[in-house]
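Please open the model in your viewer and keep the selection panel at hand. The stops below are given in the order in which they may be selected.

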Amino acid sequence: MTDAAATLLSVKGLTKHFTLHGDIYSKLAGEKTQVLKAVDGIDFHIRRGETLGLVGESGCGKSTTARLVTRLIEPTAGEVTLKGEDLLAFSRGRMKEARKEVQLVFQDPYSSLNPRKTIMHILSRPMEIHGLAHSWAEKRERVLELLQRVGLGVEHIDRYPHEFSGGQRQRIAIARALSVDPELVIGDEPVSALDVSIQAQILNLFRELQKEFGLTYLFIAHDLSVIRHISDRVAVMYVGKIVETGPAAALFDKPLHPYTKALLAAVPEADPAKPAPRLTLQGEVSTPIDPPPGCRLCGRCPRESAVCAEIEPPLVDVGDGRQVACHNL
Amino acid sequence: MAETVPRPVLELDGLTVRFRLRRGDLTAVDGVSFAIERGQTFGLVGESGSGKSVTAKAIMRLIPDPPGEIPSGRVLFEGSNILDKSDAEMRALRGRRIAMVFQEPMSALNPVFTVCDQISDALRTNLGLSKAEARERVVELLSLVGIPSPQKRLDSYVHEFSGGMRQRVMLAMALSCNPGFLIADEPTTALDVTIQATILELITSMIERLGMSLLFITHNLGVVAHACDRVGVMYASHIVELGDKREIFANPQHPYTVGLLNSIPRLDGHAKYLTPIAGSVCNMMEPPSGCKFHPRCAHAMEVCRREIPRLKEIAPGHLAACHLHDRGTA
Ligand SMILES: Nc1ncnc2c1ncn2[C@@H]1O[C@H](COP(=O)(O)OP(=O)(O)OP(=O)(O)O)[C@@H](O)[C@H]1O
Ligand SMILES: Nc1ncnc2c1ncn2[C@@H]1O[C@H](COP(=O)(O)OP(=O)(O)OP(=O)(O)O)[C@@H](O)[C@H]1O
Ligand code: SF4
Ligand code: SF4
Ligand SMILES: [Mg+2]
Ligand SMILES: [Mg+2]
């Protein structure tokens with residue numbers, strides 16, 4: 001049971017299917033409605049004080065996963081366990097508490113910040129809701145401190161979101177998530193809008209907070225060097241499935257799944273003298289709409305064999321805390 | 001290099017953009033000058049909030065007025081000043097000849113229109129395609145930007161697309177009318193590296209095929225290293241360094257550029273803490289005197305507090321704005 005106590009969040013068989021309305025042409029042709037399998041039966045867990053990095057192809061289901069574990073949307077199937085309790089069965093009161101414990105930083109801060117409210121309001125409102133600060137002076141002081149921590153000058157406190165640059169808005173969103181002393185922060189591309197110096201500052205801040213308060217992170221990002229830097233463990237997704245997980249260093253030094261390998265080969269290094277990134281996957285991008293049976297990488301994979309199109313490879317332990325879903329390792 | 005000097009497609013000459021806010025004026029872009037040649041990719045990098053997107057919006061004439069204004073400077077597009085054009089002339093230019101990919105997709109996409117309607121709108125007004133023709137072309141464009149099963153996603157709304165898919169819808173929209181000049185503001189930040197590589201290949205092919213020129217704004221220095229020809233570095237409303245990509249990476253001359261390059265996390269290394277540039281970001285409402293970088297610069301001298309350093313040529317085509325290069329004057 002010690003392991004269960006150390007696990008902050010775990011999901012089992014988590015699934016989200018969307019039904020597409022379909023275009024009029026296919027409706028006229030009498031085709032049946034189609035199912036988009038955004039997240040298709042994934043398992044993972046995050047231990048207290050740990051950072052799990054989540055990477056994968058654009059559209060593979062990362063943000064959907066983030067929205068499922070914060071219950072912004074309800075899963076089609078599967079279990080979500082937060083601190084040993086069934087999140088999907090939470091009462092309204094317990095859910096309100098959970099909304100403080102688990103904070104989500106959205107991918108596009110443009111749509112998540114209310115344009116009619118000042119930064120002071122945006123950052124102090126969550127503190128009010130959760131009873132963390134009472135007097136105006138107390139709130140103002142906390143907001144000023146938050147602004148400084150995320151590298152925004154205090155002179156910004158009375159401005160509106162549209163008066164900020166993209167990266168400044170993202171830092172406001174990060175400050176808002178940190179404003180209620182959360183336990184788990186889910187960052188959906190929290191640093192990709194930032195220049196590398198401010199990004200370094202924010203990544204250091206995340207690490208300091210983790211050390212100080214034992215924060216736990218689920219960190220979604222496309223920048224693999226950022227993921228490697230911040231994560232203890234990494235999960236790689238491809239079209240609704242987790243295809244590989246393992247400790248960050250091992251996974252990056254010796255990727256096992258063909259998709260993970262392809263990802264690492266495509267990273268452009270910040271040095272014009274280094275070779276240009278390579279595209280090692282062939283063919284069309286794989287579709288999550290009524291995907292064929294078998295492995296989702298079929299048709300693009302350099303290691304594909306006959307079995308791949310027939311049997312879906314399960315995620316299996318390969319030792320050293322690593323798991324991979326591939327028939328031909 | 002020995003050919004006749006080609007006239008740049010786009011030339012910024014002392015562009016200045018100011019916002020008049022309740023609490024005072026904010027100069028977001030201050031005397032910015034650079035030129036982009038035909039078929040060239042110009043990378044604009046720099047601190048978050050330094051004025052990159054405002055520069056791009058000024059070129060497109062999309063600075064909201066009020067509170068924004070352009071007190072001085074010229075934006076020469078194919079030789080004529082965009083800032084003098086009428087709204088009708090601008091409408092004819094936008095989309096067809098200059099297109100832009102915006103940094104935040106949701107600020108530019110309409111939530112109540114389907115993906116197909118948004119992209120085909122430009123195709124129908126600019127290229128006069130019929131509804132069915134436009135629809136066909138949209139499928140083609142979506143598949144070019146790597147959207148799986150495009151024909152099944154045409155009638156989706158943008159909120160049903162992932163972040164990176166929205167970004168690609170915007171890119172498809174911008175590329176739809178084969179613009180001669182593309183401004184791409186962080187066009188690949190929401191994309192994984194394999195789709196990013198696909199998109200960069202697509203853009204490169206358009207540069208080669210159509211002689212398109214590109215203003216590429218990005219924080220991803222890896223992308224700059226491989227996709228750009230020349231690079232401009234911005235800090236607090238100024239261009240502080242300008243040069244050939246190889247020069248900027250191998251031989252950076254401005255202390256801010258050096259700090260930026262040192263902040264990049266490495267794919268192989270695993271340092272516990274990264275090394276950001278010391279000090280806090282510049283207060284744009286009350287910027288420091290002289291060189292705006294001086295409160296954070298390890299090399300700051302007396303003169304840096306007094307005088308704004310001008311961009312000076314250090315080597316052919318390589319310019320930096322830093323008093324360290326005022327040889328013999330200090
Ligand atoms: N409300 C919805 N209705 C229909 N489809 C949806 C909806 N939300 C998401 N999807 C689809 O689910 C899939 C996964 O989307 P998701 O946003 O989770 O991807 P992602 O991994 O976050 O991608 P990105 O890296 O581009 O942000 C996509 O194909 C997307 O179009
Ligand atoms: N509409 C506006 N009203 C007031 N101030 C604005 C407005 N738009 C931008 N600014 C200010 O102008 C400055 C430059 O913003 P800009 O969006 O150009 O930054 P950027 O370099 O693109 O940054 P990022 O990398 O974060 O996108 C910022 O200080 C910003 O707060
Ligand atoms: S199961 Fe087959 S197709 Fe899938 S990744 Fe492995 S080798 Fe490639
Ligand atoms: S001008 Fe002075 S303060 Fe500014 S970057 Fe150069 S040395 Fe540093
Ligand atoms: Mg996403
Ligand atoms: Mg910007």
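Begin by selecting Asn178(B), which counts as partly exposed because its relative accessibility is 37%. This model is predicted. Asn178(B) sits in the loop that joins helix 7 to strand 7 (181-185) of chain B. Now add Leu210(B) to the selection: 32 residues separate Asn178(B) and Leu210(B) along the chain, and their C-alpha atoms are 7.7 Å apart.

**Helix pairs**

Two packed helices are described by the angle between their axes and the distance between the axes. In chain B, select helix 4 (residues 115-127) together with helix 7 (residues 163-175); their axes come within 8 Å and cross at roughly 20°. Helix 4 of chain B is therefore roughly parallel to helix 7 of chain B, since angles under 35 degrees count as such. Viewed as a crossing, helix 4 of chain B passes helix 7 of chain B in the right-handed sense.

Next, move to chain A and select helix 6 (residues 119-129) and helix 8 (residues 166-178), whose axes lie 8 Å apart at an angle of about 25°. That angle makes helix 6 of chain A roughly parallel to helix 8 of chain A. The crossing of helix 6 and helix 8 of chain A is right-handed.

**Magnesium ions**

Select ligand 5, a magnesium ion. Which protein atoms are its donors? They are OG of Ser63(A) and OE1 of Gln107(A), at 2.0 to 2.4 Å from the ion. Ser63(A) belongs to helix 3 (residues 62-69) of chain A, whereas Gln107(A) lies in the loop between strand 6 (102-105) and helix 5 (109-112) of chain A; the pair links distant parts of the chain, 44 residues apart. Colour Gln107(A) by accessibility: with a relative accessible area of 22%, Gln107(A) is partly exposed, because buried means under 20%.

Then select ligand 6, also a magnesium ion, which is coordinated by Ser53(B) through OG and Gln103(B) through OE1, at 2.0 to 2.2 Å. Ser53(B) is in helix 1 (residues 52-59) of chain B and Gln103(B) is in the loop between strand 6 (98-101) and helix 3 (105-108) of chain B, so the pair ties together parts that are 50 residues apart in sequence. Are these two donor residues, Ser53(B) and Gln103(B), buried or exposed? Both Ser53(B) and Gln103(B) are buried.

Remain in helix 1 of chain B and select Ala56(B), which is found there. Ala56(B) has a relative accessible area of 0% and is therefore buried. With Phe102(B) added, the C-alpha to C-alpha distance from Ala56(B) is 9.2 Å, for a separation of 46 residues in sequence.

**Shells around ligands 3 and 4**

Select ligand 3 and display the residues around it. Among them are His257(A), Cys295(A), Cys301(A), Cys308(A), Cys326(A) and His327(A). Arg303(A) and Glu304(A) also belong to the residues around ligand 3. By class, this shell around ligand 3 comprises 7 nonpolar, 3 polar and 2 charged residues.

Ligand 4 is the next selection, with 13 residues around it. Which of the 13 residues around ligand 4 come nearest? They are Cys291(B), Cys297(B), Cys304(B), Cys322(B) and His323(B). The shell around ligand 4 has 9 nonpolar and 4 polar residues, with no charged residues.

**Backbone geometry**

Most residues other than glycine have a negative phi, and most peptide bonds are trans. The remaining selections depart from that description.

Select Asp65(B), Pro66(B) and Pro67(B) together. The peptide bond from Asp65(B) to Pro66(B) is cis, with omega near -5°, and the bond from Pro66(B) to Pro67(B) is cis with omega near 5°. Pro66(B) is placed in the loop between helix 1 and strand 4 (68-77) of chain B, and Pro67(B) lies in the loop between helix 1 and strand 4 of chain B.

Now select Glu189(A), whose phi is near 55°, a positive value in a residue other than glycine. Glu189(A) is in the loop between strand 7 (184-188) and helix 9 (196-213) of chain A. With a relative accessible area of 2%, Glu189(A) is buried.

Finish in chain B with Glu186(B), where phi is near 55°, again positive in a residue other than glycine. The loop that holds Glu186(B) runs between strand 7 and helix 8 (193-210) of chain B. Glu186(B) counts as buried because its relative accessibility is 2%.

Definitions and conventions:
Residues numbered from 1 in each chain as written. Chains lettered and ligands numbered in written order. Predicted model: local features only at pLDDT ≥ 70, side-chain atom pairs only at ≥ 80, totals over all residues. Heavy atoms only, no water. Near = heavy atom within 4 Å. Nonpolar A, V, L, I, M, F, W, Y, C, P; charged D, E, K, R; others polar. Donors = N, O, S within 2.8 Å, 3.2 Å for Na, K, Ca; no water. Helix = DSSP H or I, 4+ residues; strand = E, 2+ residues; numbered from the N terminus. Buried < 20%, exposed > 50% of the residue type's maximum accessible area, 1.4 Å probe, protein only. Axes fitted to C-alpha atoms, helices over the stretch in contact; angles between N-to-C directions. Parallel < 35°, antiparallel > 145°, perpendicular 65-115°, else oblique. Left-handed = near helix turned anticlockwise from the far one by under 90°.
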